[in-house]
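Welcome! Please take a moment to look over the sequence and the 3D view, and then we can walk through them together.

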Amino acid sequence: MIKRLIWGIIGGFMIFPLLFMVGNSFMGTLELQEAYGAVLGNAGGGVSMRLIPRYPTLRPLVELLMDSPGFFVMFWNSVRQVFGVLVGQAVIGIPAAWAFARYRFRGRRVLFIIYMILMIMPFQVAMVSNYLLLSKLSLMDTHFALILPGVFSTFPVFIMEKFFRAIPETMIEAAKVDGAGSLCIFLKIGLPLGAPGIMAALFLNFLEYWNAIEAPMTFLKTKSKFPLSLYLPDITTDQISIAFAASVVMMIPAVLGFLWGKEYLRMGIAASGLKE
């Protein structure tokens, strides 16, 4: 009983920001300014946090979806950029992970350690080198400025390699005895059995690139190419109601993806904690 109570309290703290954001998305501008005017600099006094609006309205959502064409431009920019990254990671990362997991070649361990170092490096460390390379390739201020570095991300290779390495060696040997070649083994054994790892890696990277802020701010200059993650910083304080509505709409794909792939997410997190 006590354990359930403790977990319930922890869960309540974790879900509170979500409920707060959803509740405030149904508040009008005047009500939000009345509650948070001191924070926004529009009024004095204290701040009152409200989960349930006194005068619920759909006006912020209507303004966002009907009167904000820039929102849809940024939404489709995000879709184009994120799914471009995921497709590229599938094409490049899956064969790379299979090679690390199933083949033994000179320098494999050193190369994999380099992969790990690149994985834990923050964006700021590689920002200048990426900027110079993209500028040299004339890709700055294009969608490929975000897609190309993401395609060669090392994190999905790390996750998928764990799942591919877990495939029993006896199964691989049996396939070879039956006359299966390397490509056949990869397509008919590796991909089906490694599917949970592939889905986990792609889902985790979807969350990362859907919410990316630093890379778009660094590599993009034209506003019409900005992703949805840069929509909120452009909203002024007198549009605070639209900001809450935009936050909820932006969160929907990630929440739906989580509900669909939460088992893959759990498996991916578990795999990322395994030792080499």
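What volume does the second largest pocket have? The answer is about 240 Å³. Keep in mind as you read that this is a predicted model.

## The overall picture

Let's step back to the whole chain. It holds 13 helices and zero strands, so if you read along the sequence you meet the pattern α-α-α-α-α-α-α-α-α-α-α-α-α. Along its principal axes, the C-alpha trace spans about 75 × 60 × 30 Å.

## The second largest pocket

Now back to the pocket we began with. Its lining is made up of Phe75, Val79, Phe83, Leu86, Met199, Leu202, Phe203, Phe206, Trp210, Pro253, Gly257 and Trp260. Three elements give two or more residues to this lining: α4, α11 and α13 (240–272).

Which helix gives the most to the lining of the second largest pocket? That is α11, with five residues. Sorted by class, the lining has eleven nonpolar residues, one polar residue and no charged ones.

## The largest pocket

How do we find such spaces at all? Rolling a probe the size of a water molecule over the atoms shows where empty space is left.

The largest pocket has a volume of about 1,000 Å³. It is lined by 37 residues, and those nearest its centre are Phe123, Asn130, Pro149, Ser153 and Tyr209. By class, the lining splits into 26 nonpolar, nine polar and two charged residues.

Several helices share the work here. At least two lining residues come from each of α4, α5 (108–120), α6 (123–136), α7 (144–151), α11 (195–210) and α12 (214–219). The largest share, seven residues, is supplied by α6.

## Where α4 meets α11

You have already met α4 and α11 as contributors to the lining of the second largest pocket. These two helices also pack together, at an angle of about 145° and with their axes 10 Å apart. Their crossing is right-handed.

On the α4 side, the contact is made by Phe75, Ser78, Val79, Val82, Val85, Leu86, Gln89, Ala90 and Ile94. On the α11 side, the partners are Ile198, Leu202, Asn205, Phe206, Tyr209 and Trp210. Taken by class, the residues of this contact are twelve nonpolar and three polar, with no charged ones. If you compare names, Phe75 belongs to this contact and also lines the second largest pocket.

## Two partners for α10

Next, find helix α10 (residues 182–193) and look at how helix α4 (residues 69–102) passes it. Their axes come within 12 Å and cross at roughly 95°. An angle from 65 to 115 degrees counts as roughly perpendicular, and α4 and α10 are therefore roughly perpendicular to each other. Ile94, Pro95 and Trp98 of α4 touch Ile185, Phe186, Gly190 and Leu191 of α10 in this contact. Six of the contact residues are nonpolar, one is polar and none is charged.

Helix α9 (residues 169–177) also packs with α10, at an angle of about 155° and with the axes 11 Å apart. Are these two helices roughly parallel or roughly antiparallel? Angles over 145 degrees count as roughly antiparallel, and that is therefore how α9 and α10 lie to each other. The crossing of α9 and α10 is right-handed. The contact is made by Met171, Ile172, Ala175 and Lys176 of α9, together with Ile185, Ile189 and Leu193 of α10. By class, it has six nonpolar residues, no polar ones and one charged one.

Terms used. Residues numbered from 1 in each chain as written. Predicted model: local features only at pLDDT ≥ 70, side-chain atom pairs only at ≥ 80, totals over all residues. Heavy atoms only, no water. Axes fitted to C-alpha atoms, helices over the stretch in contact; angles between N-to-C directions. Helix = DSSP H or I, 4+ residues; strand = E, 2+ residues; numbered from the N terminus. Parallel < 35°, antiparallel > 145°, perpendicular 65-115°, else oblique. Contact = heavy atoms within 4.5 Å. Nonpolar A, V, L, I, M, F, W, Y, C, P; charged D, E, K, R; others polar. 1 Å grid on protein atoms, 1.4 Å probe; cavity = no way out; pocket = protein on both sides within 12 Å on 5 of 7 lines; lining within 4 Å. Points joined across faces, edges and corners; volume = space filled by probe spheres on them. Left-handed = near helix turned anticlockwise from the far one by under 90°.
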